[in-house]
Amino acid sequence: MPSEDVSRIERVVADLRPQSPCRPGQKGFRSLGERMAELGTPGASVAAIDNFEVAWARGFGVRKQGEPAPVLADTPFQVGSISKPVFALAAMRLAQDSRIDLDADVRDYLKSWQLPDGDDGWAPRVTLRQLLSHTAGTTVHGFPGYAAGGPIPSLTQVLNGAPPANTQPVFVDLIPGFQFRYSGGGTTIAQLAVTEIIGRPFPELMRELVLAPLAMEDSSYEQPPSSRLADGGASAHPFSAVPVAGGWNIYPEMAAAGLRTTARDIARLGVAVMRGLRGEGSGLGLLQESFSEMVRPQLPNHVAGTDFVGLGWFCFADGDAFRFGHAGWNHGFLADARFYPATGQGAVVIINSNQGWPLIEELFKSLEREYRWPVPAAPAPSEAPAATGIEGTYRDNAGRAFHLRQADGKLLLQIADQDAIGLSPGPNGVLSAQVPQISLRLAPAADGTMAIHLTQGGKTFEAARIPDRLD
């Protein structure tokens, strides 16, 4: 590995900045190892993309708490819902080859199970496009998985909510095509439809269409996993670094949550999609237009430049800061993948802990600083506090006084004998401070008098303005 990449890795993992306030006297940054220990996270898999290439991929920590086997770049983790956009790529290839129609009634593809009609006989017409974009109006958000060694339901049992399934039945209770509602249940319908019309086992189909063309050799949708991936895989640790019995849960809902892979393999996939969006060869056999279709809004009231859902991918911002990606949550695993096609940058982070969720964003922020990822344009600055006429004294119904005053161009909040707190303007006229963590906005009280609403720790305190005394 080039020394430049080694230096960049060292800087990334040495500069994690917790978003929650630090304790007095505690440094504002930590190393990845320190944060993993603090957050009960034994292992992590990280890959960075730069200039449309996988710059580096590395494992950190151990596969299982209490055992010495380290996480390496080829150590597979479960990645939860990142399974969905990978599946969507396979569906797009089948559609491009005219083997399926994304806009046909999915009932035409289903054989062993059908979408249930409503109680009054209403039969919803649902398409694969809607199922892949979470706009089909289907139920069941996600899946908890099944203990290794226990009974595992068939896909039909999952969709019917029949034992031993541990989730509710999947059906349509919203008008399809009207709105977004995340539904792993809908993805599971799509899995069944595609496998029944093509006539191939799902893991085999995914290997042929996506995993093998991209040399994702450490990836598989097999549930349970093959011995090769299982023996070298990371174990799940939901909380307090306590491993799950049997190593991990099993997910028959493969398209929604069944992919086992590495940060390096998902980064390869992200590079392929970004290159495909530029019209370059990707190995997936998809046309540029097919890639572009996946990162376009799928609802008429969603527009490019805002946050929207495409086919499998979630999309954010615009211009150079436009990115697509997906996050994942399985029992004992978390993952996130973010790709910037305008600059050919991005990263993938996977951990074997649910408690370690703050690590994901902290690592992405560190990567963003190191690689200077494009960031969305900041909103126009709020009007200066001085222009609002907010200064004065306010009192709540418990008799506590809140004094707001200007000093050296900054708005200060004084409460009782505490030191004054500096407030900074933010979007929509909200003022805030980091320590203590508070936000403050001006709004009329119930009786029409001017009041401030101070929020901290999930609670809001209202204080009405006291008229200035006339001397």
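Is A241 buried or exposed? Hold on to that one, everybody, and I'll start with the answer: A241 is buried, with a relative accessible area of 14%, and the cut-off for buried is under 20%. Please keep in mind that we are looking at a predicted model.

Let me begin with the whole chain. It has 471 residues, and for that length a compact globule would have a radius of gyration near 23 Å; the chain comes out at 25 Å, which agrees. If you lay a box along the principal axes, the C-alpha atoms fill roughly 90 × 65 × 45 Å. Inside it you will find 12 helices and 19 strands.

Now for the surface and the interior. Buried residues account for 52% of the 471. The accessible surface is about 20,900 Å², and carbon and sulfur atoms contribute 52% of that area. As for contacts, take the ones between residues at least 6 apart in sequence: 59% of them join residues at least 24 apart. On charges, there are 40 positive and 49 negative side chains, and the centres of these two sets lie 4 Å apart.

Next, the part I'd like you to rotate into view: an open sheet. Which strands make it up, and in what order? There are 7, running β2-β1-β11-β10-β9-β8-β7, with antiparallel pairing. The edges are β2, residues 53–61, and β7, residues 308–309; each has a single partner strand, so one side of each is left without a neighbour in the sheet.

Let's zoom in on β1, which covers residues 43–50. This strand is mostly covered, with 7 of its 8 residues buried. In the sheet order, β1 sits between β2 and β11. On the β2 side, 8 bridges hold the antiparallel pair together, and there you can find A44 standing opposite F60. On the other side, β1 pairs with β11, residues 345–351, over 6 bridges, again in the antiparallel sense. Two positions to click on there are S45, which faces I350 of β11, and A48, whose bridge partner in β11 is A347.

That brings me to backbone geometry, which I suspect this crowd will enjoy. As a reminder, most residues other than glycine have a negative phi, and most peptide bonds are trans.

So where do we depart from that here? Start at the hairpin of β1 and β2, which has 2 residues between the strands: N51 takes a positive phi near 55°. In the loop between those strands we also meet F52, which is not a glycine, yet has a positive phi of about 60°. How accessible is F52? Its relative accessibility is 5%, and under 20% counts as buried, so F52 is buried.

And here our opening residue returns. A241 lies in the loop between α8 and β5, the latter being residues 249–250. Its phi is near 60°, a positive value in a residue other than glycine.

Finally, the cis peptide bonds I'd like to show you. One runs from P163 to P164, with omega near 5°; P164 is in the loop between α5 (155–160) and α6 (184–198). Another runs from Q223 to P224, with omega near -5°, and P224 belongs to the loop between α7 (202–211) and α8 (227–231).

That's my tour. Thanks for listening, and I'm happy to take questions!

Conventions:
Residues are numbered from 1 along each chain as its sequence is written. This is a predicted model: local features need pLDDT of at least 70, side-chain atom pairs count only at pLDDT 80 or more; totals for chains, interfaces and linings use all residues. Side-chain values use heavy atoms; hydrogens and water are left out. Helices (H or I, at least four residues) and strands (E, at least two) are DSSP runs, numbered from the N terminus. The radius of gyration is taken over C-alpha atoms; the globule rule is 2.2 Å times the number of residues to the power 0.38. Buried means under 20% relative accessible area, exposed over 50%, partly exposed in between (1.4 Å probe, protein chains only). Contact means heavy atoms within 4.5 Å. Accessible areas come from the Shrake-Rupley method with a 1.4 Å probe; for residues, only the protein chains shown count as cover. Lys and Arg count as positive and Asp and Glu as negative; His and the chain ends are not counted. The place of a charge is taken as NZ of Lys, CZ of Arg, CG of Asp or CD of Glu. Two strands pair if DSSP finds at least two bridges between them.
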